[in-house]
Amino acid sequence: AFDLCNHSIVEVAGVPILNLTATPMRGTNAFVKAIEDRLIAAVVFILLSPIMVAIGVGVKLSSPGPIFFRQERISWNGRPFTMLKFRSMPVNAESESGPVWARPGEFRATRFGAFLRRTSLDELPQLVNVLRGEMSIVGPRPERPVFVEQFKDEIPDYMKKHLVKAGITGWAQVNGWRGDTDIKKRIEHDLYYIEHWSLWFDLKILFLTLLRGFAHRNAY
């Protein structure tokens with residue numbers, strides 16, 4: 001249940017919301033979260049840089065086009081930002097279909113790109129987004145604007161996920177709610193994370209991410 005003591009009406013991305021749980025990222029919490037994000041992202045980036053270079057070469061050899069895929073996503077307070085990934089699909093893969101939700105059985109990815117998706121290695125460039133302050137290491141996964149517009153009218157409390165920065169991994173993801181899974185369940189986990197945020201909760205999620213691995217049956 002949400003704490004009603006501090007409820008208020010707020011506006012997120014132009015949408016009025018009855019705020020039953022305010023963002024925990026204020027004052028000392030915001031400072032701790034910022035230090036956590038920059039420190040972890042910098043260390044992981046340095047440790048994994050040889051692997052990232054090798055992946056970049058693999059992407060370049062797998063199909064013509066750039067190494068990185070850039071896509072607009074929505075993060076804290078409904079702010080758009082350009083999220084980075086290693087490119088896993090041929091250039092202009094959505095030129096005819098338009099934005100589509102990734103589903104099992106699709107064959108848009110290159111052979112190497114399919115491997116990157118299954119192992120979530122395509123997400124590693126988002127460490128740069130964290131170092132820029134656009135994302136957090138832990139938080140709700142960011143969505144594309146077209147799907148935010150769709151889900152905000154379909155999923156109760158959907159826009160509350162933007163009370164914190166988007167993350168590379170999150171409570172929903174370590175509990176199996178990623179890929180083509182129930183959006184309502186994912187949002188329930190995102191809101192639980194926001195309501196119960198602490199540094200120790202973040203560390204628990206990071207530990208579970210490492211323990212359960214990056215590969216997942218819903219990663220495609």
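**Exercise 1. Find how much surface the protein chain of this predicted model exposes, and which atoms supply 62% of it.**

Start with the total: the chain exposes about 11,700 Å². Next, split that area by atom kind: carbon and sulfur atoms account for 62% of it. Then turn to the inside: 45% of the 220 residues count as buried, where buried means under 20% relative accessible area.

**Exercise 2. Work out the order of helices and strands along the protein chain.**

Begin by counting elements: there are 7 helices and 6 strands. Now walk along the sequence, and you should read β-β-α-β-β-α-α-β-α-β-α-α-α. Finally, take the contacts between residues at least 6 apart in sequence: 70% of them join residues at least 24 apart.

**Exercise 3. Locate the largest nonpolar core and say which of its residues touch the most other members.**

A bit of background helps here: in soluble globular proteins, nonpolar side chains tend to be buried together.

Step one is the membership: this core holds 30 residues, and Ile137, Tyr158, Trp171, Tyr193 and Ile205 touch the most other members. Step two is to see where members come from: the elements giving two or more residues include strand E4 (80-86), helix H4 (145-154) and helix H7 (199-212). Helix H6 gives the most, with 5 residues.

Step three is to zoom in on Tyr193. Leaving aside residues up to four places away in sequence, Tyr193 touches Lys33, Val138, Gly139, Pro140, Trp171, Phe201, Asp202 and Ile205.

Last, look apart from this core for another one: that core has 6 residues, among them Ile55, Val59, Phe86 and Leu124.

Definitions and conventions:
Residues numbered from 1 in each chain as written. Predicted model: local features only at pLDDT ≥ 70, side-chain atom pairs only at ≥ 80, totals over all residues. Heavy atoms only, no water. Helix = DSSP H or I, 4+ residues; strand = E, 2+ residues; numbered from the N terminus. Buried < 20%, exposed > 50% of the residue type's maximum accessible area, 1.4 Å probe, protein only. Contact = heavy atoms within 4.5 Å. Areas by Shrake-Rupley, 256 points an atom, 1.4 Å probe, with all protein chains shown as cover. Core = buried A, V, L, I, M, F, W, Y, C linked by side-chain atoms within 4.5 Å.
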